[in-house]
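Me: I have a structure open and I'm not sure how to read it. Could you walk me through a few features, one at a time?

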Amino acid sequence: MELSYTSPQSPPTAPDTPATGVGTVSAYAALTREVREAGLLRRRPVRGLVLLIVTAALLAGGWWLFAAVGDSWWQLAVAAPLAFAFTQCGFRGHEAGHRQTFRSKRLNNVVGLLFGNLFIGLGFGWWMNKHNRHHAHPNQVGRDPDIETGALVFDGDDAPGRAGTLGFLTRHQAALFFPLLLLEGWNLHVASLRALRTVRTSAPAPVAIEALLLLLHTAAYLTAVALVLSPLKALVFVLVQQGLFGLYLGASFAPNHKGMEMLGRDQRLDFLSSQVLTSRNVRGGPVTDFLLGGLNYQIEHHLFPNMPTSALPLTQPLVRTRCAELALPYTETGLIDSYRQALRHLHAVGAPARTTA
């Protein structure tokens with residue numbers, strides 16, 4: 001499977017939209033031409049390189065602060081900026097996986113392996129394989145790995161019959177959503193390690209290289225913590241830092257699709273409709289863009305996955321206009337309301353489990 005998902009040039013044929021008489025397939029082709037002619041698909045390697053340097057500096061600064069504070073409970077405050085830096089590294093890996101940063105596939109893979117495997121212990125090859133499947137079938141039951149049933153249930157058909165601990169989680173999953181995100185960092189580490197046992201094609205690097213980088217990260221992380229902190233402080237610091245990392249990363253991705261249209265396993269829509277109907281944008285300015293890694297322009301990102309993050313806000317008016325012409329719902333809301341919609345969906349999905357308890 002190709003590790004950098006590229007939107008199809010010729011999406012499946014769809015019926016004409018009654019409001020305009022123009023098919024959404026041809027509308028997407030026209031939109032793509034408009035975006036390309038505006039130069040919005042061109043890479044911006046200098047800006048990308050600056051962002052990589054800034055992110056690496058944030059990570060280095062976090063570890064410098066950790067060393068400067070020393071064996072103190074004040075390290076629990078240091079855990080927050082380090083978690084922030086970890087998540088920003090995750091954003092850089094995401095951009096590299098989509099080849100947003102550089103034109104060279106090999107150079108993007110190097111960036112992804114460094115900022116993923118080495119810097120934060122997240123398997124770049126595993127994550128991009130999973131992420132590509134999500135991009136191909138967003139919010140589609142049985143095809144999108146991001147909505148597979150696990151601790152949480154996103155498809156109401158899977159809620160009945162869950163008993164014991166899983167049943168409890170399903171009944172209360174809206175209330176438990178953010179607390180469970182504190183475990184997301186650990187979940188990503190475990191999934192990255194498990195993926196090393198799988199033989200993969202089109203991977204960014206041999207399994208041995210990915211494994212070595214993950215091992216180096218783990219060894220360096222634990223050694224630094226053990227050298228600076230006493231055992232109890234070290235344990236608490238790791239739990240807090242990794243918990244905040246998972247919370248921040250999960251909270252950045254949660255507004256994108258949770259609570260949006262769910263597609264049936266065999267349901268087929270054209271590319272433009274499937275990406276727009278299942279995605280949600282979050283309003284905000286430059287600060288929001290930075291904090292969410294540009295993921296707040298989720299609709300534009302799904303329509304043009306290889307587009308540099310900095311071009312997404314410039315593309316938004318073009319996409320919104322095209323959707324309006326097609327009478328295609330374009331969802332954009334505030335950050336708090338996006339969480340409210342996601343939690344409302346989780347609560348509704350858990351209803352069958354509550355009624356049968």
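Reply: Happy to. Keep in mind that this is a predicted model. Let's begin with the largest pocket: H5 gives the largest share of its lining, eight residues.

Me: Which other helices supply at least two residues each to that lining?

Reply: Besides helix H5 (124-136), you'll find H3, H4, helix H7 (173-181), helix H8 (184-195), H10 and helix H13 (298-303) on the list.

Me: What volume does the largest pocket have, and which residues are closest to its centre?

Reply: The volume is about 1,300 Å³. Of the 45 lining residues, Lys-130, Asp-146, Glu-184, Asn-187 and Leu-188 are the closest to the centre.

Me: Now for closed spaces. How many cavities of 30 Å³ or more does a search of the whole structure find?

Reply: The search turns up four. The largest cavity has a volume of about 130 Å³. Its lining includes Arg-44, Arg-47, Gly-48, Leu-51 and Leu-52, along with Arg-92 and Glu-95. H2 and H3 are the elements that give two or more residues to this lining, and the largest share, four residues, comes from H2.

Me: H2 sounds worth a look. How do I check the span of a helix like that?

Reply: Count residues and allow 1.5 Å for each. The 25 residues of helix H2 (residues 45-69) should span 36 Å, and the end C-alpha atoms are 36 Å apart, so the two agree. Just after H2, Gly-70 takes a positive phi of about 75 degrees.

Me: Which residues of H2 are buried, and what covers them?

Reply: Start with the general idea: an α-helix has 3.6 residues a turn, so residues three or four places apart point the same way. In H2, the buried ones are Gly-48, Leu-51, Leu-52, Thr-55, Leu-59, Gly-62 and Phe-66. Their cover includes helix H3 (75-97), helix H4 (105-120), helix H9 (207-228) and helix H10 (231-257).

Me: One last stop, Asp-289. Is this residue buried or exposed?

Reply: With a charged residue, look at burial first and then for a partner of opposite charge. Asp-289, in helix H12 (residues 286-291), is buried yet has no salt bridge. A salt bridge would need a side-chain nitrogen of Lys or Arg within 4 Å of a carboxyl oxygen, and the nearest side chain of opposite charge, Arg-47, is 7.6 Å away from Asp-289.

Me: What does Asp-289 touch, then, leaving out residues up to four places away in sequence?

Reply: Asp-289 touches Gly-284, Gly-294, Asn-296 and Tyr-297.

Technical notes. Residues are numbered from 1 along each chain as its sequence is written. This is a predicted model: local features need pLDDT of at least 70, side-chain atom pairs count only at pLDDT 80 or more; totals for chains, interfaces and linings use all residues. Side-chain values use heavy atoms; hydrogens and water are left out. Buried means under 20% relative accessible area, exposed over 50%, partly exposed in between (1.4 Å probe, protein chains only). Lys and Arg count as positive and Asp and Glu as negative; His and the chain ends are not counted. Contact means heavy atoms within 4.5 Å. The expected span of a helix is 1.5 Å times one less than its number of residues. On a 1 Å grid over the protein atoms alone, a cavity is a set of points where a 1.4 Å probe fits but cannot get out, and a pocket is an open set with protein on both sides within 12 Å along at least five of seven lines; lining residues have an atom within 4 Å of a point. Grid points are joined across faces, edges and corners, and a volume is the space filled by probe spheres set on the points.
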